[in-house]
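Visitor: I've got this one open on my screen and would love a quick tour. Mind if I fire some questions at you?

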Amino acid sequence: MLGKFEQHRGLLPLRLDHFQLFTPNVPDAVRFYMDMGFRLSEYMAVDGTDTPVFGFLQRKGNPHDIVFANGTGPRLHHFAFVVPDAAYLLYACDVAGSHGFSDALEHGPGRHGPGHAMFVYLRDPDGHRIELFATHYQVMDIKNEPVRWEAS
Ligand SMILES: [Fe+2]
């Protein structure tokens with residue numbers, strides 16, 4: 001869709017990028033996916049420990065394809081679509097609002113700490129949280145250590 005400008009309309013999601021899920025046991029979920037070949041790009045740990053309460057895992061060279069967050073689960077937090085750039089986040093809000101979906105805007109536009117991406121959260125008619133985001137950095141070098149965030 002990137003170069004098919006004549007077909008651009010709506011909120012312009014270019015591709016599905018990642019999922020964030022809740023689980024009551026983030027360390028086990030992170031280990032399970034790492035054992036299948038996912039790499040940990042970032043994690044958020046309980047202050048003063050290395051126990052992850054968020055784990056950001058990837059296979060395609062960006063910060064995350066799947067994210068686990070501590071909480072009651074298994075449960076979906078959101079799925080995310082890439083938009084062309086950060087300006088489209090405001091455009092998406094305008095388009096949603098002008099089509100009667102202003103109540104669907106949940107949070108943002110803003111910038112995440114982990115992944116450093118500009119984003120906006122919306123709800124679809126079923127209540128599922130959709131993230132639109134301007135894609136984030138690449139993490140291709142296997143020598144890169146996971147970025148650690150303090151939970152606080
Ligand atoms: Fe996300």
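Visitor: What percentage of the 152 residues in the protein is buried?
Guide: Bear in mind that we're looking at a predicted model. A residue goes down as buried here if 20 or more other C-beta atoms lie within 10 Å of its own. By that count, the buried share of the 152 residues is 25%.

Visitor: Okay, and what pattern of helices and strands does the protein follow along the sequence?
Guide: There are 2 helices and 9 strands to place. Read along the sequence, they come out as β-α-β-β-β-β-α-β-β-β-β.

Visitor: What is the radius of gyration of the protein?
Guide: Along the principal axes, the C-alpha atoms fill a box of roughly 45 × 35 × 25 Å. For 152 residues the globule rule gives 15 Å, and the protein comes close to that, so it is as compact as a globular protein of that length; its radius of gyration is 16 Å.

Visitor: Let's zoom in on α2. Which residues of α2 are buried, and why do they sit on the same side?
Guide: Helix α2 covers residues 87–98 and reaches 17 Å from its first C-alpha to its last, close to the expected 16 Å. Its buried residues span an arc of only 150 degrees around the axis, which means they share one side of α2. Turned away from that side are the exposed Ala-87, Asp-94 and Ser-98. The buried ones are Tyr-88, Leu-89, Ala-92 and Cys-93.

Visitor: Which strands do the buried residues of α2 pack against?
Guide: Take Ala-92 as an example: leaving out residues up to four places away in sequence, it touches Leu-11, Val-83, Val-120 and Leu-132. For the buried residues of α2 taken together, the strand partners are β5 (75–83), β6 (105–111), β7 (118–123) and β8 (129–134).

Visitor: Which elements give two or more residues to the largest nonpolar core?
Guide: That core has 14 residues, and those touching the most other members are Val-83, Leu-89, Ala-92, Phe-119, Val-120, Leu-132 and Phe-133. Apart from it lies another core of 9 residues, including Ala-29, Val-30, Tyr-43 and Leu-57. For the largest core, the elements giving two or more residues are β5, α2, β7 and β8.

Visitor: Now the backbone oddities. Where is Pro-109, the residue at the end of the peptide bond from Gly-108?
Guide: Most peptide bonds are trans. The bond from Gly-108 to Pro-109 is cis, with omega near 0 degrees. The bond from Gly-73 to Pro-74 is cis too, with omega near 5 degrees, and Pro-74 falls in the loop between β4 (66–70) and β5. As for Pro-109, its place is in strand β6.

Visitor: Is His-116 buried or exposed?
Guide: His-116 is in the loop between β6 and β7, and its phi is near 60 degrees, a positive value in a residue other than glycine. The cut-off for exposed is 12 or fewer other C-beta atoms within 10 Å. His-116 has 12 of them, so it is exposed.

Visitor: And what about Leu-12: how is it classed?
Guide: Leu-12 lies in the segment before β1 (15–23), and its phi is also near 60 degrees. It has 18 other C-beta atoms within 10 Å, so its class is partly exposed.

Key
Residues numbered from 1 in each chain as written. Predicted model: local features only at pLDDT ≥ 70, side-chain atom pairs only at ≥ 80, totals over all residues. Helix = DSSP H or I, 4+ residues; strand = E, 2+ residues; numbered from the N terminus. Expected span 1.5 Å × (residues − 1). Arc of directions from axis to C-beta. Contact = placed C-beta atoms within 7 Å. Core = buried A, V, L, I, M, F, W, Y, C linked by C-beta atoms within 7 Å. Rg over C-alpha atoms; globule rule 2.2 N^0.38 Å.
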